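Welcome, and please have your viewer ready. We will go from one selection to the next and say what is there at each stop.

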Amino acid sequence: HVFAFRMSTYRRGYPGSAFTPLGFHLVPADKFHEQHSRLNMLCTLGLGSVLTIAITAFMLWLLADRRPVLLWFSALCLAATILVTVATAPFTWNFPASWRYWMRIARLVVSGVVGGLLFGTAFLHFNPSRPRWLIALLVIAAVGVWGAVATGGLLFVMWRVAFGATLIVAAAAIWRRREGAWWVAAGVVTTALLFERDPMHFDKTEFAFSFLPVLVGLIAAIALQVRRERLEARDAKLTAARLEIELLRKNLQPHFMLNTLTALAQFLEEKPAVAVRLIEDLAAEFRALTRLSAAKLVPLAEELALCRAHLRVISARTERAWSLETVGIDLSAAVPPALFLTLIENGFSHQRAQDGDTTFRLGVDRGNDGIRYTFLSPGAIRADPSRAGGGMGLRYVRSRLDESFHGAWTLAQRETPGGWETVIELKPGAGARAIA
């Protein structure tokens, strides 16, 4: 055999090295083939395992849950598969020697892509509402990869930067007490330590074992988030069922039914026409309650129709002309069922009617800070220290608001001249959040 070596002082072997090492080893053929077979097995194991995870994550995203982090995680595993293919090509593929330079460049570029996707997956999982930041950071990472290619090195530096940046994201998530952050941090630290143990073979024969901890950490964080969301969805269903029962129980209470039936019996003897209207109004109210009780949100027009049907029943019972005035409302706006009906019932329970003032008032203000509903209940305030804190009716209102506009609403109450004022504010985007 004749070996020819072409040397150059233009480039060094590794960044920071003072010389270029050159080794020549004589290996018996049987030992060489044994080592070659073992390397092939390790490469195949790494390729198959990471590719399987990539396909699994993509199918979960495609068929089960369209959360972006699953797609990013699938892309991370697919890029890792390509990296293992490129890095282990000398062990698995007899390509021409002239390709070696371009294979090294491809290894460098794909390593940068894997590092960027690793950071991006962790960032997107813990910061799903900040995709613009992620894009900006990945652009910076792409510039770094190009700089590494231009300088002909920095492969190990890129890996350390990727691990460090991902660890910073996990640490910030731990500081904010985000679920699954410790799993990601533990996975990154373990993979980084395995990388430092043997950087030269990290993306070659060691990849199937070295990169596994960070993948397990990300999978665990995603799984914990899915479990939490499922528990919240189950709790939301139970809450909705409880609120539906509470609404029907609150409006079919024996005291209300007894007083209404007593008035109806009296009207049947003295004022048959009024009795007929009372029956029709009571039927309309109960039909509306049955239709709306199972809904999470209803159009404001239907809510107002329910309120006015109830006021007509109360008007017949008390022989007072109760009414509801509205200002600046949007009849198509979505509100929780029986929201304002409950406030009307609270007015009858906690206030004494005054002559000449039997009108409930609902005003709506829209601005950049959201939507503000102002509800005024007429009548003198009865001595009730618990009114501001809220009884069963107000607990129902708060539960319905939190169910529909979780974290995006406020409720305040105060006594005003001639009545009681309730202000409900919905923050910007609350309507879109409720629809979603």
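Start by selecting helix α13, residues 339–350: this helix lies across β5, β6 and β9, and runs at about 30° to β6. Keep in mind throughout that you are looking at a predicted model.

**The sheet under the helix**

Now add the strands. Five of them form an open sheet with mixed pairing, in the order β2-β5-β6-β9-β8. The edge positions belong to β2 (323–327) and β8 (409–416); each has a single partner strand, so one side of each is left without a neighbour in the sheet. On average, neighbouring strands of this sheet are turned by 15° against each other, direction ignored.

Next, select helix α12, residues 300–318. This helix lies across β2, β5 and β6, and its direction makes an angle of about 155° with β2.

**Along β6**

Zoom in on β5 (residues 359–367) and β6 (residues 370–378). The two strands run antiparallel and are joined by seven bridges. Together they form a hairpin, with two residues between them. For a landmark, pick G363 and look across to T374 in β6, which stands opposite.

Which strand pairs with β6 over eight bridges? It is β9, residues 419–426, and the pairing is again in the antiparallel sense. Two cross-strand pairs are good to label here: L376 stands opposite E421 in β9, and S377 has W420 as its bridge partner in that strand.

**A pair of helices**

Leave the sheet and select α4 (residues 100–126) with α6 (residues 155–175). How far apart are their axes? The distance is 9 Å, and the helices pack at an angle of about 5°. An angle under 35 degrees counts as roughly parallel, and α4 and α6 are therefore roughly parallel to each other.

Show side chains to see who meets whom. On the α4 side, the contact includes R107, L108, V114, L118, F119, F123 and F126. From α6 come, among them, L155, M158, W159, F163 and V169. Colour the contact by class and you should find 15 nonpolar, four polar and one charged residues.

**Zooming out**

Finally, display the whole protein chain, with its 15 helices and nine strands. Of its 436 residues, 40% count as buried. Switch on a surface: about 24700 Å² is exposed, and carbon and sulfur atoms supply 63% of that area. If you draw a contact map, look at contacts with a separation of 6 or more: residues 24 or more positions apart account for 72% of them.

Notes. Residues are numbered from 1 along each chain as its sequence is written. This is a predicted model: local features need pLDDT of at least 70, side-chain atom pairs count only at pLDDT 80 or more; totals for chains, interfaces and linings use all residues. Side-chain values use heavy atoms; hydrogens and water are left out. Two strands pair if DSSP finds at least two bridges between them. Helices (H or I, at least four residues) and strands (E, at least two) are DSSP runs, numbered from the N terminus. Buried means under 20% relative accessible area, exposed over 50%, partly exposed in between (1.4 Å probe, protein chains only). Contact means heavy atoms within 4.5 Å. Accessible areas come from the Shrake-Rupley method with a 1.4 Å probe; for residues, only the protein chains shown count as cover. Axes are lines fitted to C-alpha atoms, for helices over the stretch in contact, and angles run from 0 to 180 degrees between N-to-C directions. Angles under 35 degrees count as roughly parallel, over 145 as roughly antiparallel, 65 to 115 as roughly perpendicular and the rest as oblique. Ala, Val, Leu, Ile, Met, Phe, Trp, Tyr, Cys and Pro count as nonpolar, Asp, Glu, Lys and Arg as charged, and the others, Gly among them, as polar.
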